[in-house]
Structure formats: C-alpha cells, structure tokens
Amino acid sequence: MAERDPSQSPAALERSLQRGRRLDRWGSVAVLAGAVCLLADFQHDSIWLGALEFVVGFALVGVGVWALVRGRRHLTPVVPGLRFLPADARVVLYLRSFSDDRGFARMGGTRIRDVLQWPPTLADLRTEEQQVARGVAAFGRMVALGKPSDQLPQPGAERSYVADEQWQDEVLTGLDRAGLVLLAAGPGKGLEWEVDQVVRRDPARLVILVSRDRSQYAQFRESVHQYFPKGLPDYPQPRARHRLFRGRYVRAAIWFDPDWTPHLEMLDGKYPLSGAATRTQHALPLALRPVYERAGVPVPRKNRPTKPRPKEVVLGVVLFALPLPALVVTFCVLFYSAALGVVKFLVGPGGSSGGGGTYTSSGLLATGNPTLDFLIITLLVLLIWPLPVALWMRRVLRGGPVAILMLQVAGISQGIALLVSAIPLGIFFLIAGGLASLTFGVAPLWLGINTFVVNLAAPPIATLLFLRRDVREWAESRT
C-alpha cells in the first residue's frame, strides 16, 4: 500500500509521498530526454528520423510535465489544522473561492504552442498559486483550507482539511495567527462571510488578489463593497503594455492604508522583458512594496535561489566546462606535435629524407619557431570561446533554469556524439599521439587518450549530477 499522509482529514486524499518523489524524479528525466530529442542536432539526412525525434520528444515532454505536476500535488504539505502550527511559525492565510482553484493552477509555458517553441523548464511549471506563495514567502508559510472533494491538493499553499462544521473556526484561527491575509476576489457566499471577518481586523494585513478578468472583479466588488469602510477601487482601463504582457491569472493587487483607503496596483505589464512564465511571482512584491516596507519585510531579490547551493552544482559545472579547454589544447598539441613528428621522420638534414629536418612555418604565423606558433594559435583559440561559456556557466551557478536545461541537453548530446564517434576519434587520438611521440615521447599519446576518456565521460556525469533531487530543489527555490 502506498505511504499515506498521517494527518487526519475528512477529504478522501490519495496523497503518497513515495509516489510523489518517484513521479518528480522520472518526470524530470522524461522532460530532459524530450528536450534532447527536440533540441539536439544529431546530423542525419533522413526526414523520417527527424520526424520521429520530434514526435518522441514532444511525447516525452508531455508525459514528463504530467508526472512532475502530479508529483508536486502528492508532495504538497498537508497540515492537520491551523491551530496545530508551531506557535512561532509565521503564517500567510490564503482565502479564496474553491471555484478559483482551477484558475490558480494555471502554469506558464506548458501550452502546446509553447512546448513546440521550447521545452519547459522548472520555472515554467510553477502554478499561479505557487508563484503567489513564493512572492509573499518573506511573510511566512502560506496556508489555506483544502477543498473537501480534493483527491490531491493543488501545488502552492499548504492545505488544511476540516469538516464542514469546522471551517469557520479554522478561518478565525488563521485570521488571528496570520501576519498577512491574501483574499482572492471571487464568487461565493462563503467568501462574503470571510470578507466580513477580515474587515473586522487590521487593514494593514489584508491584500486582495484580483484574478481572471474585470468581470469577476466587478461581481466581487458589487457583492462585498458594503463591508469596506471606503469601498473598493475601480478596475482601471488596461493600457497597451497591460494587454501585451498579461499574466496567466492574477491581474492586480489591492492593499489598504490604516484608515482603509484602498490602492490598486496592476500586475499585468510588469517584467515584460524576461521571466514571462513567472511574471506573477516577480510582479507581486513590486506591487506590494509599500506593504513590505510597512511590515519591515525585505522585498525578495529576483533570480536568487533561497536554498544553499549544493556542492554537486559546482562539480557538475567543472566536469562540463573543464574538458572544453582541455580538448582545445589537446587538439593544438596533437596537430602541431604530430606535424613535427611527420617532418622529423620524413625530412632529413638539409632537406633529405631520413629524419632530423628543419621546421618552417608559413601563412599568418610565419615565425619559424614551432613553440611560438603553437602558443599563439592556442592563445587565440582560448581568447575567442571562453567568454560565452563563462557567461553560460555563471547562469548555471546562479540557478538559471534555461542555462541548466541547456547544460543537460549539451551534456547528453555531447556524450551521445562522442560515443557514436568513439572508434574514429579513438583511432585519431592514437595515430596523432603516436606521431607526436616521435618527437615528444609518450606524453602526447597519454594526453590524447586521457582527454578522450574525460570528454566521453564528463558531460553525461555532469548531467546526472543536475538530476539529483537536492540540485533540482535548489534550482526550484530560485525566486
């Protein structure tokens, strides 16, 4: 039997932590395998093989996204009741109509047209509710009442499931504990009772989330405006940037002065240049900056993981990046030393055959000095490629989801390419190293063999390191 959550709940939950971890792990593998099929260039001329790669890649991404989302629902924390939370725990109470759960479960970058353009990253799989929870995480852990008919909770707020006759007591307990109350503007008589209870308390702790569209907000405003001493603001006419850079579901946020004066801040249109899939998470703290400052809570910094970086991240970057300069230097050494070996073997003193000839160079580097030629060529190569690779690895070390996905795809595709070409590459390194050994001894031969082995093994190992659960949790914690 699957491992069941020990908390007492009247809901018929099918939550299994073991199944959630398994779905999370294999979902990540499936998404990565699909991304390799969609992004890697295997250089073949068959249109049928190309079509097969696309179909298989698209199917793997779809299955992987389903598994990841399902796994997150299994792993969403469930608490036995808000009154059982630790006394020193900071709480954000999330109130909404259950009919809004589907809208808050929306994710960016997972629609078919988005997947066709680019495989989803971890950031693309955050629901609106998860982004709201991350946006206000500085105020504490976000908790909410679970829908009684849930089989699995939605990812985002921690869920508390209580009987129908206990839900009002649970809300009152949460209102007394919460340092911040988030109220999603939606329909429902139960929500009206919650609005009445919220308005009886400190206005500085209340934030209203305007979701879906202006029509839903208008209905909410009409049904509850009498509870607010100074009413609720009108929904502003959207400007061009609001229409162009719309959020998935959350459109605006309303916060209040101590005298209940409301302030409406649009979330649409913020962060238009990057982070489209996580716009709600990044825009919400900006819209609520006065609330953060009034509460003495720091506004979260964008694009910073909140968990310590595992050592496997640095090791994976080193394994992926170090073979690149080693490969360049090795090719330079082998080409030049092999050429010198051929010259020494074929050209004798004074131009006669039999060995011991004089080295000459031509072209742009006609220095006549083989060591100087080699150093100049190597330095030129090393000055051209390191900058983009360094910027790429810097993004990986900072938890960039696209950078990590590209490293994983490159690691697997490099491993496959080297494995497919292992025999011809091995023959090349042996022949070049053998010719080089005529001049420099056995060192170039061992250098070629070791570099070939390192380049064959290091990229796939780096990819496997980034599939570890602690590494994925670190990347997922990126704000």
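Which residue in β7 is the bridge partner of Val-207? In this predicted model, the partner is Trp-255. The pair is a convenient place to enter the sheet, and the rest of the sheet can be followed outward from there.

The sheet is open and consists of 8 strands with mixed pairing. Their order is β1-β4-β3-β2-β5-β6-β7-β8. The edges are taken by β1 (78-79) and β8, each with a single partner strand, so one side of each has no neighbour in the sheet.

Val-207 belongs to strand β6, which spans residues 206-211. Of its 6 residues, 6 are buried, so the strand is largely enclosed by the rest of the structure. Burial here means a relative accessible area under 20%. Both faces of β6 are covered. On one side are Leu-206, Ile-208 and Val-210, and on the other Val-207, Leu-209 and Ser-211, all of them buried.

Two strands flank β6 in the sheet order, β5 and β7. Strand β5 (residues 180-185) runs parallel to β6 and is joined to it by 5 bridges. One contact in this pairing is that of Val-181, whose bridge partner in β6 is Leu-206. Towards β7 the direction changes: β6 and β7 run antiparallel, again with 5 bridges between them.

Strand β7 covers residues 250-256 and is joined to β8 by 5 bridges, the two strands running antiparallel. Trp-255, already met as the partner of Val-207, also has a bridge partner in β8, namely His-263. Ala-253, in turn, stands opposite Glu-265 in β8. The two strands make a hairpin, with 5 residues between them. In the turn, Trp-260 has a positive phi of about 75 degrees.

How do the side chains of β8 (residues 262-266) point? They alternate along the strand. Pro-262, Leu-264 and Met-266 point to one face and are buried. His-263 and Glu-265 point to the other face and are not buried. In β6, by contrast, the residues on both sides are buried.

On the other side of β5 in the sheet order come β2, β3 and β4. Strand β3 (residues 141-145) is mostly covered, with 4 of its 5 residues buried. Strand β2 (residues 91-95) pairs with β3 in the parallel sense over 3 bridges, and within this pairing Val-91 has Arg-141 as its partner in β3. Strand β4 (residues 158-160) also runs parallel to β3, and 3 bridges join the two. There, Leu-145 stands opposite Ser-160 in β4.

Two patches on the surface complete the picture. The first is nonpolar: Leu-49, Leu-52 and Val-56 make a patch of about 240 Å². Val-56 lies in helix α2, which spans residues 47-75. With a relative accessibility of 34%, Val-56 counts as partly exposed, because that class lies between the buried limit of 20% and the exposed limit of 50%.

The other patch is positive and is formed by Arg-301, Arg-304, Arg-394 and Arg-395. Within this group, Arg-304 is placed in the loop between α11 (289-295) and α12 (311-321). Its relative accessible area is 31%, and Arg-304 is therefore partly exposed.

Definitions and conventions. Residues are numbered from 1 along each chain as its sequence is written. This is a predicted model: local features need pLDDT of at least 70, side-chain atom pairs count only at pLDDT 80 or more; totals for chains, interfaces and linings use all residues. Side-chain values use heavy atoms; hydrogens and water are left out. Buried means under 20% relative accessible area, exposed over 50%, partly exposed in between (1.4 Å probe, protein chains only). Two strands pair if DSSP finds at least two bridges between them. Patches are made of residues with over 30% relative accessible area and no salt bridge: like charges are joined within 9 Å, nonpolar side chains (Val, Leu, Ile, Met, Phe, Trp, Tyr) within 5 Å. Accessible areas come from the Shrake-Rupley method with a 1.4 Å probe; for residues, only the protein chains shown count as cover. A salt bridge is a side-chain nitrogen of Lys or Arg within 4 Å of a carboxyl oxygen of Asp or Glu. Lys and Arg count as positive and Asp and Glu as negative; His and the chain ends are not counted. The place of a charge is taken as NZ of Lys, CZ of Arg, CG of Asp or CD of Glu.
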